[in-house]
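The following exercises ask you to read helices, a sheet and a few selected contacts from a set of coordinates. Please work through each task with the structure open before turning to its solution.

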Amino acid sequence: MNHNFPNMFSPINIGTVTVPNRFVVPPMGNNFANTDGPMSERSAAYYEARAQGGFGLITIESPVVHKEAKVGPRQPCLFSDADVPSCQRVADACHAYGAKTRL
């Protein structure tokens with residue numbers, strides 16, 4: 001354990017959620033979503049790798065919530081119920097390694 005930052009490996013409560021450590025992935029656009037909106041298998045693998053690496057909290061990139069607000073072809077979308085399962089797959093992939101997710 002690094003004695004300069006002993007709390008980095010300690011759990012922290014954020015509201016009612018306990019995050020296993022203080023390592024956080026901020027929201028970053030990666031352009032891995034499918035062109036029709038849902039997050040792709042590559043998206044899931046990208047976030048899963050961060051969870052597997054030990055990050056306690058992973059903030060999923062910001063999805064587009066209004067069809068006309070999409071500015072790039074590979075931005076993830078959430079303006080249709082059909083897009084929800086792809087986001088759930090990403091969250092499940094992260095949760096399998098104990099990470100918490102935020103969309």
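**Exercise 1.** Determine which backbone nitrogen a side-chain oxygen of S40 reaches at the start of α1.

*Solution.* At the start of helix α1, a side-chain oxygen of S40 comes to within 3.2 Å of the backbone nitrogen of R42. A polar contact is a pair of N or O atoms within 3.5 Å, where within protein one atom must be able to donate a hydrogen and the other to accept it, and where residues adjacent in sequence count only if both atoms are side-chain atoms. The model is a predicted one, in which local features need pLDDT of at least 70 and side-chain atom pairs count only at pLDDT 80 or more, while totals for chains, interfaces and linings use all residues. Residues are numbered from 1 along each chain as its sequence is written, and side-chain values use heavy atoms, with hydrogens and water left out.

**Exercise 2.** Check the span of α1, and then work out how its buried residues are arranged around the axis.

*Solution.* Helices are DSSP runs of H or I with at least four residues, strands are runs of E with at least two, and both are numbered from the N terminus. The expected span is 1.5 Å times one less than the number of residues, so the 12 residues of α1 (41-52) should span 16 Å, and the end C-alpha atoms are indeed 16 Å apart. Next, take accessibility, where buried means under 20% relative accessible area, exposed over 50%, and partly exposed in between (1.4 Å probe, protein chains only). The buried residues of α1 are S43, A44, Y46, Y47 and A51. They cover an arc of only 160°, taken over the directions from the helix axis to the C-beta atoms, and therefore lie on the same side of α1. These buried residues pack against β4 (57-59) and α2 (84-95), whereas the face turned away from them carries the exposed residues E41, R42 and Q52. Just after α1, G54 takes a positive phi of about 110°.

**Exercise 3.** Identify the salt bridge partner of R89, and state what the pair ties together.

*Solution.* A salt bridge requires a side-chain nitrogen of Lys or Arg within 4 Å of a carboxyl oxygen of Asp or Glu, and the count by this rule comes to 1. The partner of R89 is E41, at 3.6 Å from N to O. Since R89 lies in α2 and E41 in α1, the pair ties together parts that are 48 residues apart in sequence. R89 is partly exposed at 42% relative accessible area, and E41 counts as exposed at 57%.

**Exercise 4.** Establish the strand order of the open sheet, and say which strands stand at its edges.

*Solution.* Two strands pair if DSSP finds at least two bridges between them. The 3 strands run in the order β3-β4-β5, with parallel pairing. β3 (24-25) and β5 (100-102) stand at the edges with a single partner strand each, so one side of each has no neighbour in the sheet. β4 and β5 pair over 3 bridges, and I58 has T101 in β5 as its bridge partner.

**Exercise 5.** Decide whether V64 is buried or exposed, and find what it contacts.

*Solution.* V64, in the loop between β4 and α2, is buried, with a relative accessible area of 5%. Contact means heavy atoms within 4.5 Å; leaving aside neighbours within four places in sequence, V64 contacts A69, K70, Q75, P76, C77, L78 and F79. By contrast, the C-alpha atoms of V64 and G54, which are 10 residues apart along the chain, are separated by 28 Å.
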